[in-house]
Amino acid sequence: MNYDVVIIGSGITGASIARELSKYKLKLAVLDKASELPAGASRANSSMIHGGFDDKPGTVKAKFCVPGNKMWHKLKDELDVHLDECGSYVCAFNDDEVKHLEKLLEQGKANGAPGVEIVSGDVMRSREPNVSPEIVAALWSPEAAIINNFEAVNAMIESAKINGAELFLETHVTGLLFDDKGDIHGVKTNKGEYLAPVVINAGGVHSGEIASWAGDNSFKIIPTKGEYYLLDRTTGGLITSFLFACPSKAGKGITVLRTAEGNLMSGPTATEQDDPEDRSTTPEGLAEVLKGARKLLPNFPVNMNITTFAGVRANTESGDFEIGALAKPRGFVNAAGIKSPGFTSSPAIAEYIAQLLKEELADRITLTPNDKFIPERRNIPRFLYMDMESRKALAEKDPAYAQIVCRCETVTEGQVLEAIRRGARTVTAVKMMTRAGTGRCQGGFCCPRVAEILSRELGLPLDEVTRHGGESKLLVGKTKEFLLKKEGATNE
Amino acid sequence: MSKNIDVLIIGAGPAGVAAGIGARREGAENVVVLERDWDLGGILQQCIHPGFGLRTFKEELTGPEYMHRFIKIAHEEGVEFRTNTMVFQIDRETNTVWTMNKERGIEALNPKAIVLTMGCRERPLGAIRIPGGRPAGIYTAGTAQRFVNMEGYMPGKRAVILGSGDIGLIMARRMIWEGAEVEGVYEVMSWPGGLRRNIAQCLDDYGIPFHLKTTVTKIHGQDRLEGVTVAQVDDHMTPIKGTERYVECDTLLLAIGLIPENELSRMAGIDIHPVTGGPVVNDLLQTTNPAVFAAGNVVIVYDLVDNVSDEGLIAGASAAKFAAGKISAGTRRIPVKGGENVRLYSPQFVTGETDATIFMRVTHPIEQACRVFAEPGLYSQRLRYARPGEMNEVKIKAEQIRNLPDLKEIVIDIQPV
């Protein structure tokens with residue numbers, strides 16, 4: 001299969017690059033080993049669109065964060081993505097931390113982050129009455145926002161697909177292909193070879209290993225786990241903005257936030273580990289999050305917890321992003337080591353990559369503008385957020401929208417069917433695209449129903465339906481068959 | 001627009017079907033029961049084991065058989081049922097009930113009285129925050145029961161059951177019957193969550209080990225469940241170091257409690273009791289919204305379906321009275337209070353308009369003769385024991401309340417004798 005560009009990884013970085021490059025007449029392939037979008041760090045993170053004060057001026061992160069923030073405020077309408085423009089506070093508990101806020105304020109100004117200011121603890125509490133009485137001052141960033149990260153990644157990829165890009169899931173890149181001159185010729189995968197003169201490494205936590213295949217050992221990924229609590233949607237009213245503690249050397253620290261859907265959430269820890277795939281939560285990690293959450297929000301209602309989860313960030317030793325084209329082999333581009341503020345930066349990184357292809361890799365591909373580019377992409381209808389007249393109209397047009405599948409998040413069968421039409425093949429894919437199963441019963445009610453719909457629509461036996469691809473089958477066989485098989489020859 | 005509904009009942013499980021009967025018998029003309037599933041019966045449809053109806057019918061029925069008897073009566077009484085109909089919103093100012101159905105689309109109903117009979121749901125894994133992975137193979141016992149009994153599929157081959165609620169015990173036996181292994185049942189408390197008879201009939205009879213004061217402390221596996229770590233806990237429910245044990249299994253079934261399902265009740269603006277998790281009700285099963293009544297597991301989680309049906313009949317009758325303007329706004333509200341070892345109870349108010357049964361559970365077991373009573377001197381009953389897994393009842397006659405015009409509160413208590 002011949003392409004102009006192969007993008008490894010369909011996280012928010014790869015997805016944004018795919019959409020940006022779909023503005024040009026290019027044959028694009030996006031490859032991901034996962035069975036649904038988003039997987040990896042783009043699924044499990046704080047879903048923050050950062051204000052841009054946290055990154056040291058001059059770093060790659062600082063270069064992309066503020067422009068990325070601005071782009072998301074526009075992209076939310078173009079891509080029909082839920083963005084809660086809530087603003088953020090960094091909270092200081094003592095004089096040393098107040099000094100740190102002043103440093104962040106300067107950084108924010110240097111980075112061009114709009115509207116950043118320091119307010120007193122009392123002013124903050126007049127807006128956020130439930131936060132700790134011990135907060136003495138806070139850095140307010142009005143442009144910070146919270147995004148529905150599940151929607152955002154799917155929206156980016158769908159938009160790229162509308163404009164011609166192809167997505168290949170469950171396609172695990174296992175190596176690079178080189179031409180006679182030792183330059184990039186494509187990639188090897190478990191599903192065969194994908195040939196292209198340009199390969200973009202957006203492999204997230206695996207991006208260091210992928211770069212090393214191209215002989216680039218200039219950076220190393222340190223997989224860093226972040227653990228989270230996610231609380232019931234009824235708890236979101238406790239805060240209206242994103243709360244950070246004062247950052248330390250270890251990272252931005254434990255935050256408390258309200259997701260775009262209104263769930264209270266807290267995390268992440270920052271635990272370095274060897275295994276890039278270990279996304280298990282730990283007693284120590286969860287205890288640390290709880291302590292950090294209660295510091296900011298003393299009445300953090302952990303008894304309303306609905307799930308805990310962990311993501312693994314692609315940290316680098318330098319702490320900065322690794323973005324650029326290698327001189328040799330030609331055609332290999334890193335968009336690697338993307339961690340916080342990666343979600344924020346991704347559309348700006350994508351624009352930069354397109355520019356870089358034009359300027360540095362013109363000998364390999366030509367970027368001709370795609371005059372048929374369609375910027376708009378519409379989400380699957382979100383029944384929960386619609387007014388009654390729109391709901392009635394939708395149900396009249398398609399009765400499947402008058403059948404609830406997920407009772408916690410009021411997701412209809414129509415939405416599940418639309419997700420399947422858009423490529424969902426697993427229970428988790430349906431969850432990511434419709435939010436079925438993200439509510440307080442965590443799929444207890446809808447999981448069997450979603451599985452039945454997948455089975456029916458895909459013509460798949462129910463016991464072949466998986467939770468998230470691979471070996472994650474929900475069921476192990478039919479009841480009586482199972483019993484007979486176990487009893488073996490005595491029943492033959 | 002549909003005809004005027006006198007009593008609208010939400011949910012056609014045992015409480016809702018009984019409420020329909022109760023409302024019709026009290027004289028309500030148009031009584032409609034809405035059910036989101038395609039068939040009537042609620043959770044009892046999948047409870048194909050016997051043990052239901054010993055009190056009501058004096059015989060041992062399966063869940064579907066028990067429901068069939070009530071549904072037959074409801075049809076004879078002229079109750080209208082609408083299946084595949086989900087209520088997704090109640091407007092608190094107008095008590096407008098919004099429903100959806102594939103044929104009828106989205107409709108607004110404005111009944112004279114509403115009865116909430118949505119039942120309860122199972123506590124999910126997240127409620128107990130077990131560290132580890134999040135693989136396939138972890139189900140609430142009820143979800144697994146649906147897969148096995150309704151769909152005909154097995155959730156796994158080797159199961160660990162966490163929690164000893166009745167559905168977990170029933171499913172332990174069911175898994176064995178279907179040829180799976182059950183490594184054990186683990187209960188964090190020092191007493192069982194379910195009925196003693198289920199411990200005997202579902203675990204002891206099949207040699208399934210039952211571990212008290214033991215819980216799952218870690219989940220292993222990323223795709224499909226590979227195993228769990230179990231550990232004993234101390235009196236503060238903290239895992240005891242050195243007691244950890246790895247158990248290989250592909251399935252973890254959760255029977256860690258039931259929560260009344262009150263999303264709609266909250267929308268209707270009624271008060272929810274912080275301990276029961278259900279609406280605050282009086283003995284007419286009227287909530288704090290006078291036009292809204294509630295019965296069954298949506299109010300308080302019962303042990304026996306017979307109690308749920310009894311309460312459904314009361315709520316339906318009360319709603320019919322309200323629809324006919326027969327419940328005055330000036331009805332007495334005498335608060336019921338719980339004593340030291342009373343964890344939860346319902347109803348929370350007594351009116352003197354009807355004979356009242358107050359259902360309650362103890363916090364800690366009393367494994368000796370004890371006495372349940374209601375002060376001042378309203379009820380007293382000797383018991384052989386009192387256990388959290390088995391409800392107790394207090395019965396107060398309407399006449400007793402009427403004879404005490406100055407009664408300010410009723411205190412219920414259970415104490416060893």
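Here is a walk through a predicted model with chains A and B, from the domains down to single residues.

Let's start with how chain A is divided. Domain 1 of chain A is built from three stretches, 1-81, 146-219 and 317-379, while domain 2 of chain A covers 383-464. Take the C-alpha centres of these two domains, and you'll find them 29 Å apart. The two domains do touch: 7 residues of domain 1 of chain A are in contact with 8 residues of domain 2 of chain A. On the domain 1 side of that meeting, the residues divide into 3 nonpolar, 2 polar and 2 charged.

Now for a pair of helices in chain A. Helix α1(A) takes in residues 12-21 and helix α6(A) residues 149-162; their axes come within 8 Å and cross at roughly 30 degrees. When helices pack, the angle between the axes and the distance between them are what we use to describe the pair. Angles under 35 degrees count as roughly parallel, and α1(A) and α6(A) are therefore roughly parallel to each other. The crossing itself is left-handed. If you want to find the contact on screen, look in α1(A) for Ile12(A), Ala15(A), Ser16(A), Ala18(A) and Arg19(A). Their partners in α6(A) are Ala152(A), Val153(A), Met156(A), Ile157(A), Ser159(A) and Ala160(A). Sorted by class, this contact has 8 nonpolar, 2 polar and 1 charged residues. It helps to remember that an α-helix has 3.6 residues a turn, so residues three or four places apart point the same way.

Another pair in chain A looks quite unlike that one on the screen, so what angle do helices α11(A) and α12(A) make? Helix α11(A), residues 413-421, and helix α12(A), residues 427-434, have axes that come within 9 Å and cross at roughly 110 degrees. That makes α11(A) roughly perpendicular to α12(A). This crossing is right-handed. From α11(A), the residues in the contact are Gln415(A), Val416(A) and Ala419(A), and they meet Ala429(A), Val430(A), Met433(A) and Thr434(A) in α12(A). The contact divides into 5 nonpolar and 2 polar residues, with no charged ones.

Next, step across to the other chain. Where the chains meet, 43 residues of chain A are in contact with 38 residues of chain B. Several elements of chain A give two or more residues to this side, among them α8 (283-296), α10 (388-397) and α13 (446-458). The largest share, 5 residues, comes from β19(A). Over the whole chain A side, the residues divide into 17 nonpolar, 15 polar and 11 charged.

Chain B has its own division into domains. Domain 1 of chain B combines 1-122 with 257-328, domain 2 runs over 124-256, and domain 3 over 332-417. The C-alpha centres of domain 2 and domain 3 of chain B lie 34 Å apart. Between these two domains, 5 residues of domain 2 are in contact with 5 residues of domain 3. The domain 2 side of that contact has 3 nonpolar and 2 polar residues, and no charged ones.

Is helix α3(B) enclosed or open to the outside? Of its 11 residues, 141-151, 8 are buried, so the helix is largely enclosed by the rest of the structure. The buried ones are Ala141(B), Gly142(B), Thr143(B), Ala144(B), Gln145(B), Arg146(B), Phe147(B) and Val148(B). Right after α3(B) comes Gly152(B), with a positive phi near 80 degrees.

Finally, let's zoom in on two glutamates of chain B. Glu311(B) sits in helix α7(B), residues 305-323. With 30 other C-beta atoms within 10 Å, Glu311(B) is buried. Leaving aside residues up to four places away in sequence, Glu311(B) touches Ala15(B), Leu285(B), Ala295(B) and Gly296(B). Pro14(B) is 297 residues from Glu311(B) in sequence, yet their C-alpha atoms are 9.7 Å apart in space.

Glu107(B) belongs to strand β8(B), residues 105-109. Here 17 other C-beta atoms lie within 10 Å, and Glu107(B) is partly exposed. Val87(B) is 20 residues from Glu107(B) along the chain, and 9.5 Å separates their C-alpha atoms.

Notes
Residues numbered from 1 in each chain as written. Chains lettered and ligands numbered in written order. Predicted model: local features only at pLDDT ≥ 70, side-chain atom pairs only at ≥ 80, totals over all residues. Domains from an automatic or database assignment. Nonpolar A, V, L, I, M, F, W, Y, C, P; charged D, E, K, R; others polar. Axes fitted to C-alpha atoms, helices over the stretch in contact; angles between N-to-C directions. Helix = DSSP H or I, 4+ residues; strand = E, 2+ residues; numbered from the N terminus. Parallel < 35°, antiparallel > 145°, perpendicular 65-115°, else oblique. Left-handed = near helix turned anticlockwise from the far one by under 90°. Buried ≥ 20, exposed ≤ 12 C-beta atoms within 10 Å, placed from the backbone.
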